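Here are some short exercises to work through with the structure open beside you. Try each task before reading its solution.

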Amino acid sequence: MTAPLVEMRDMSISFGGIKAVDHVTVDLQPGEVVGLLGHNGAGKSTLIKMLSGAYQPDGGQIFINGEKVTINNPRDARAHNIETIYQTLALADNLDAASNLFLGRELVTPFGLVDDAAMEAETRKIMGRLNPNFQKFNAPVSALSGGQRQSVAIARAVYFNARILIMDEPTAALGPHETQMVAELIQQLKAEGIGIFLIDHDVHQVMNLCDRASVMKNGQLVGTVNVNEVTDDDLLGMIILGKHPHENAA
Amino acid sequence: MTDTTSQPIPPQRKSFVQQLELDTRLLGMVGAFIILCIGFDFITEGRFLTPRNIFNLTIQTVSVAIMACGMVFIIVTRHIDLSVGALLATCSAIMAMTQTDILPNMMGLGLGHPLIAPITIVVGIAAGALIGAFHGYLVGYLTIPAFIVTLGGLLVWRNVGWFLTRGQTIGPLDETFMAFGGINGTLGPSLSWIVGGVLTVAAIAAMWNGRRSKASHGFPVKPVWAELTLSAIIASAIMGFIWVLNSYEIPTARLRRMFEARGEVMPEGFTTTYGLPISVLLLIGIAIAMTVLARRTRLGRYIFATGGNPDAAELSGINTRMLTVKIFALMGALCAISAVVASARLANHTNDIGTLDELRVIAAAVIGGTALSGGLGTIHGAILGALIMQSLQSGMAMVGVDAPYQNIVVGVVLVAAVLIDIIYRKRTGDH
């Protein structure tokens, strides 16, 4: 059996004596969507921030394609083709779409100056694919709607050939139409062999989009299940009561 | 007027100003400045807008304007620097001692050696950058608020300067060094025209280059007539400025002394003009460099991104702590350059040099449209802000307004400018 695309083994992190993530192990295969479920404060965002480089773990190991890696900062994560769409979107509101898309990875001219025209051209290309209605290329992203801002954040994650994509509640701020768009995008990326961690607390959404679901409660892993082997209620039981469905069945 | 873009947007009639795609906020500031100048000129019966007064106004503005360029980056990243006036004093003290004592006496170069000025300036800039970097380290790595670090710095560096010189005035400064002060170092008429021509060509070339680059990617560009109008405005502004400075004649008595100093006799009826001061040329150079830095380099992009959303910048892999060190180091270096200009203008280092400059510099940046909430600000705006402040002050002095009223007016203008800015941004939906 080939090694998983990502394995986070025995991860732990504490903040001021509180164990935000307590010996959690999750993994992800290429072309797979794994949902991370749990209440607010269950530790799912914290777990994933150790993969995206925003936090440094106190304990645990991360393997990518079976190789142990060290991720100290977001730059390291990007070097391993890990891209993240944060719940807050992490956009600089005063800059335009292209500047945000290429932030930290600007295209430069041979003189080492940033090449805004080239970046705008690339941004127009990818937005044409993701959100053809998008036209405000010269406005700061603060002037965009929630859905448009979301598509800038998604474009940023997709543009740089991500192999591992982390989506933290990507549809939280979206209307039904835009949510549908994100769902279609996830299917398309999955088909391209990208592995996706999808953080959400909408059980229904996870049942629809994910292959497997890992449920967390109070910083600990309740369990990981194949979504087609469980019901909505089983997942809810795991989230609320911390009960594993198979123990239940016994 | 036809809309040639292919989008199915209903062809809106754009106004003349909209087609030029000018920053309306900047236009407002330029308008306010022009009204101010004409107003003072009217009250003083034509004494305000003379070549002589405009010349003096520009050389008085340079020192504050140079520091305002650096203050833009500081405020854009949501920090503040209250220590710039004090830092200027320390740099000035270090440079005064270097050029009058350390280099000529201790290093044995002797007074008037041609290497004294360049070495002094390098030493001063290094000192300023080092002190600035230290401030940046305290702010960025040790997370002490910039307000506190630089408030402490204000007291520390003002008095380090005092301690170093034991409170003495040091002078006269080196001849070459004093050329950066303004009236003691000007380019003269022909060289000024050449510099004006080069600047005009460069500005227009940069504009058309930008247009070509946009067009090559198929982006919408301004109509050609709009570009031509802008080019004409730029050309006439630059050449007009040079023309004014070239109209200020050197007084005959002074000219005669200059000839005598060279051991020559002044020909009868000889006249010439000052032209562009070297200090103003220095400011122009710094303004261009800082604008390129802000708009066309990664460092500049990261400064604005960090100001807009520090967390996003961090998550994009930007080392925001190191960035803070760089910004404060740059501010320190600019304080040292301002110290060169300020002390050279006075021909001495004095103990109180740069006092209250921190407030003038912050006011210039803020009047120039730098938002204290971060992420917004321009170099040319800050320089215009400095010019407005200086005009207001000189104009009132010329009119004969009493000193306390002068400061009251400046304070009120600062607050009013920010209020107008807030209202403007609310209306236009800018934030």
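The exercises below cover an interface, a helix pair and two backbone angles.

This is a predicted model, in which local features need pLDDT of at least 70 and side-chain atom pairs count only at pLDDT 80 or more, while totals for chains, interfaces and linings use all residues. Residues are numbered from 1 along each chain as its sequence is written, chains are lettered from A and ligands numbered from 1 in the order in which they are written, and side-chain values use heavy atoms, with hydrogens and water left out.

**Exercise 1.** Work out how much area chain B and chain A bury between them, and which three residues of chain B supply the most.

*Solution.* Start with the contact (heavy atoms within 4.5 Å): 25 residues come from chain B and 29 residues from chain A. Next, take the buried area (the accessible area, with a 1.4 Å probe, that two parts lose on being put together, summed over both). The two chains bury about 2300 Å², with 59% of it on carbon and sulfur atoms. Finally, Arg296(B), Arg301(B) and Leu315(B) provide 29% of the area that chain B buries against chain A, more than any other three residues.

**Exercise 2.** Find the salt bridges across this interface, then say which helix of chain B gives the largest share of its side.

*Solution.* Apply the salt-bridge rule (a side-chain nitrogen of Lys or Arg within 4 Å of a carboxyl oxygen of Asp or Glu), and two turn up. One of them joins Arg298(B) to Glu106(A), with the closest N and O atoms 3.5 Å apart. Now sort the side of chain B by element (helices are DSSP runs of H or I, at least four residues; strands are runs of E, at least two; both are numbered from the N terminus). Helix 11 (278–296), helix 12 (298–308) and helix 13 (310–315) of chain B each give two or more residues. Helix 12 of chain B has the largest share, six residues.

**Exercise 3.** Describe how helix 3 and helix 9 of chain B are arranged.

*Solution.* Fit the axes (lines through C-alpha atoms, for helices over the stretch in contact, with angles from 0 to 180 degrees between N-to-C directions). Those of helix 3 (residues 51–76) and helix 9 (residues 224–245) of chain B come within 8 Å and cross at roughly 110 degrees. The two helices are therefore roughly perpendicular (65 to 115 degrees). Helix 3 of chain B makes the contact through Pro51(B), Ile54(B), Phe55(B) and Thr58(B), and helix 9 of chain B through Phe241(B), Val244(B) and Leu245(B).

**Exercise 4.** Locate His23(A) and Thr143(B), and give the phi of each.

*Solution.* His23(A) sits in strand 2 (residues 18–28) of chain A, and its phi is near 50 degrees. Thr143(B) is in the loop between helix 5 (116–140) and helix 6 (146–165) of chain B, with a positive phi of about 50 degrees. For context, most residues other than glycine have a negative phi.

Note on methods:
Parallel < 35°, antiparallel > 145°, perpendicular 65-115°, else oblique.
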